[in-house]
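Biologist: Please give me a close look at a single part of this model, the second largest pocket. How do the residues of its lining divide into nonpolar, polar and charged? I should also welcome an account of the helices connected with that lining and of the confidence of the prediction.

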Amino acid sequence: MLMSMDFASSLSEWYREHRRILPWREDPTPYHVYLSEIMLQQTRVEQARSYYLRFLDAYPTLSDLAKADLEDVYKKWEGLGYYSRARNLHLAAKAVVERFGGELPRSKAELLSLPGIGEYTASAIMAIAYGEKEVAIDGNLLRVYARYRALALNPLEEKDKKTAKEGLLTLLGPDPSIFNQALMDLGELVCLPNGSPRCGDCPFRGTCLAHREEKETDYPLKKAKKEKKTEKLTVLLIVHEGKILLQKRSKGLLSGLYGLPTIEGHVKEENIKSVGDLQGFSIQNIIDLGKAKHVFTHRIWDMKGYRIEVAEKIEGIWADQEDLKTHYALPTAFSYFLN
């Protein structure tokens, strides 16, 4: 087993040769690190890259983000999903301006006091942006450490995350920024989950206990997959003179976002005119748009949709194609019916 300096040195050497070139790494200011880490939650690196550049172009600083209208922030976020991340970014930016003069605090406790910043994000900012002795434990780092030490760690258990963090802190080298980012890349590129890791490319193939035992895929413990709840919905694309009716969702999934009106359950076409939500309309035509599914983290929407042409508008938000392009951010769950 390698000593801490040997481990960190081998890791750093591997990173210099194999690291991914990512825009937030080229200028790792606290804001850049923060923004990238929030975007990378539930989002692939390839997808996050273009969104990061577009978002940063619109809001170069946290002060710029704090001044922005939330609907505009949602529009820049459109397509990334998990809009609570964008909402918390906006809230945190306002708090940073009000409480810390527009600069992210250097104290981990103060970082943790900001909306949407948890243990992992705070640790990543402290290590990568500020060079403090911290390790940001995500699935990649826990997996690398569990295999290196052949430890049956469960990525869902806080005590096991703590074990991995404490263990990696004993291996931490002189540059926490390089150490954390190198482990992230090692987990993404070499020490792969769900299949065969590329042990021949790993700088620790000679000292990794799981590799020595030929039990790499036994570590970490497999996550027990929870069955997702399926929710049936009827989606209404209500149209008048080239504009569609939008509804701001007030509860449940996608709360606070604009979307197409929905009704619980699947409504048959012959019953659609009697739906309470449509009682104020003079319906001219109904077209069955078929079915679509959208998978969220813990839920599945099983949707049936109708395009409903109406004779006149009622009070509400009516948007044309230009409005949808420039102002209103609609969740991808509705994209099938919009297209």
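Modeller: The lining of the second largest pocket divides into 10 nonpolar, 9 polar and 2 charged residues. This division, like everything that follows, refers to a predicted model. The volume of the second largest pocket is about 450 Å³. Its lining comprises 21 residues, and those closest to the centre of the pocket are Tyr 82, Tyr 83, Leu 253, Leu 254 and Phe 296. Two or more residues of the lining come from each of H7 and strand S5 (283-295).

Of these two contributors, H7 can be followed further through its crossings with other helices. Helix H3 (residues 30-39) and helix H7 (residues 84-100) have axes that come within 10 Å and cross at roughly 160°. H3 is therefore roughly antiparallel to H7, since angles over 145 degrees are counted in that class. The crossing in which H3 passes H7 is right-handed.

A second crossing involves helix H6 (residues 70-77), whose axis comes within 10 Å of that of H7, the two crossing at roughly 135°. H6 and H7 are therefore oblique to each other. The handedness of the H6 and H7 crossing is right-handed. H7 thus lends residues to the pocket lining, while its axis comes within 10 Å of the axis of H3 and within 10 Å of the axis of H6.

For comparison with the open pocket, the enclosed space may be considered. The structure holds 1 cavity of 30 Å³ or more, and the largest cavity contains about 130 Å³ of space. Its lining has 13 residues, with Arg 147, Cys 191, Cys 199, Cys 202 and Cys 208 lying nearest the centre. By class, the cavity lining consists of 10 nonpolar, 1 polar and 2 charged residues. Helix H10 (residues 139-149) gives the most to this lining, namely 3 residues.

As to confidence, the protein chain has an average pLDDT of 92, and 98% of its residues score at least 70. Among the elements of the chain, the lowest mean pLDDT, 88, belongs to helix H14 (residues 321-326), and the highest, 98, to helix H8 (residues 108-112).

Definitions and conventions: Residues numbered from 1 in each chain as written. Predicted model: local features only at pLDDT ≥ 70, side-chain atom pairs only at ≥ 80, totals over all residues. Heavy atoms only, no water. 1 Å grid on protein atoms, 1.4 Å probe; cavity = no way out; pocket = protein on both sides within 12 Å on 5 of 7 lines; lining within 4 Å. Points joined across faces, edges and corners; volume = space filled by probe spheres on them. Helix = DSSP H or I, 4+ residues; strand = E, 2+ residues; numbered from the N terminus. Nonpolar A, V, L, I, M, F, W, Y, C, P; charged D, E, K, R; others polar. pLDDT = per-residue confidence, 0-100. Axes fitted to C-alpha atoms, helices over the stretch in contact; angles between N-to-C directions. Parallel < 35°, antiparallel > 145°, perpendicular 65-115°, else oblique. Left-handed = near helix turned anticlockwise from the far one by under 90°.
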